[in-house]
Amino acid sequence: MAQIADDVEIGPFCVVEPDTTIGPGCRLESRVVVKSGTVLGPNNHLFEGSVLGGLPQHVHVPERPGKVIIGAGNTIRENVTIHRALDEEDATIVGDNNLLMVNVHIAHDCRVGNNTIFANNSMLAGHVTVGDRAYVSGAAAAHQFCRIGSLAMVGGQSHLTKDVPPFVTVDGLSSYVVGLNQIGLRRAGYSGAEIRRLKDAYRVIYRSNLTWNEILARLKDEFTEGLAAQFYQFLSTTTRGIVQERRLPPGATIKLRREYDETEELPHLHMRAG
């Protein structure tokens with residue numbers, strides 16, 4: 001059966017299936033569907049036509065899918081869809097105080113942090129991870145298993161096939177990185193000194209003309225604390241590589257000095273040939 005807190009408001013034509021939990025202070029406008037396997041924390045506001053807990057869109061839909069777990073204080077606007085995880089032991093997770101605008105889609109096994117904003121028609125494929133305070137603009141789409149770092153700003157209609165490092169801005173037209181998300185950083189309350197340190201690390205990643213291993217080594221050695229330390233943490237764990245910068249510095253070349261095994265895939269080409 002469904003577990004619904006006493007003060008939950010449920011509008012007309014809503015469907016709340018068994019094996020669901022709706023926490024206190026939640027409000028469901030009309031035509032909301034909360035399907036089995038969905039857990040809603042307190043004070044979430046669901047608008048017309050949103051569907052939480054749909055089966056994964058997968059060629060092999062499991063008989064016993066996982067859950068959808070939603071935190072507290074989220075605003076989920078019209079026609080948003082959030083799908084259950086593939087495996088019974090897993091969950092698609094959305095944290096706290098997020099704004100999901102009209103027609104946002106969050107696929108199976110995604111992990112969304114806190115205080116993010118997703119504009120209209122943005123889409124996450126399966127297993128995508130989004131860090132705290134990230135902003136995903138309208139009609140942007142992320143390929144499965146991509147990561148979007150904390151406080152990253154993804155421009156409208158971007159098509160992401162690689163990881164977006166934290167604190168950067170991705171241009172929607174080109175889908176390339178175009179610098180730090182300085183407006184977002186300032187609004188989050190970070191100091192000028194912290195932002196300057198991020199700029200130093202950004203130059204190592206995108207402007208130093210170093211190889212991938214050299215970049216990681218410098219980040220690890222020179223940026224050991226504060227926000228800038230997150231660059232090494234993020235880049236050293238990428239499996240898809242990171243989004244390239246839109247413009248190359250004059251005279252940039254690709255230099256790969258590490259000796260790879262013939263069967264080993266290169267993890268990242270951090271610059272493109274002119």
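## Charges over rings

The charged end of Arg 77 sits over the ring of Phe 47, 4.1 Å from the ring centre. This comes from a predicted model. A second arginine takes up a similar post: Arg 147 lies over the face of Phe 234, and 4.0 Å separates it from the ring centre.

## Aromatic pairs

A search of the whole structure turns up two aromatic pairs. In one, the ring centres of Phe 167 and Phe 231 are 5.7 Å apart. Their planes meet at 85 degrees, so this pair is edge-to-face. Phe 167 lies in the loop between β24 (159-160) and β25 (168-170). Phe 231 belongs to helix α4 (residues 229-235). The two are 64 residues apart, and their pairing links distant parts of the chain. Both Phe 167 and Phe 231 are buried.

Tyr 202 and Tyr 206 make a tilted pair, with 4.9 Å from centre to centre and 40 degrees between the planes. Both residues are in helix α2 (residues 192-206). They are four residues apart, so about one helical turn separates them. Tyr 202 is buried, at 6% relative accessibility. Tyr 206 is buried too, with a relative accessible area of 2%.

## Salt bridges across the sequence

The count of salt bridges comes to 11. One of them joins Asp 171 and Arg 246, whose closest N and O atoms are 3.4 Å apart. Asp 171 lies in the loop between β25 and β26 (177-180), while Arg 246 is in the segment after α4. The pair therefore ties together parts that are 75 residues apart in sequence. Asp 171 is buried, at 18%. Arg 246 is partly exposed, at 36%.

Glu 245 and Arg 207 also meet through their side chains, at 2.7 Å from N to O. Glu 245 is in the segment after α4, and Arg 207 is in the loop between α2 and α3 (212-222). This salt bridge ties together parts that are 38 residues apart in sequence. Glu 245 is buried, with a relative accessible area of 5%. For Arg 207 the value is 44%, which means it is partly exposed.

## A shared network

Arg 27 forms a salt bridge with Glu 29, and their closest N and O atoms are 2.9 Å apart. Arg 27 is partly exposed, at 38% relative accessible area. Glu 29 counts as buried, at 15%. Salt bridges with shared partners join Glu 9, Arg 27 and Glu 29 into one network.

How values were computed: Residues numbered from 1 in each chain as written. Predicted model: local features only at pLDDT ≥ 70, side-chain atom pairs only at ≥ 80, totals over all residues. Heavy atoms only, no water. Phe/Tyr/Trp six-rings, centres within 6.5 Å; stacked < 30°, edge-to-face > 60°. Buried < 20%, exposed > 50% of the residue type's maximum accessible area, 1.4 Å probe, protein only. Lys NZ or Arg CZ within 6 Å of the ring centre and 35° of its normal. Salt bridge = Lys/Arg side-chain N within 4 Å of Asp/Glu carboxyl O.
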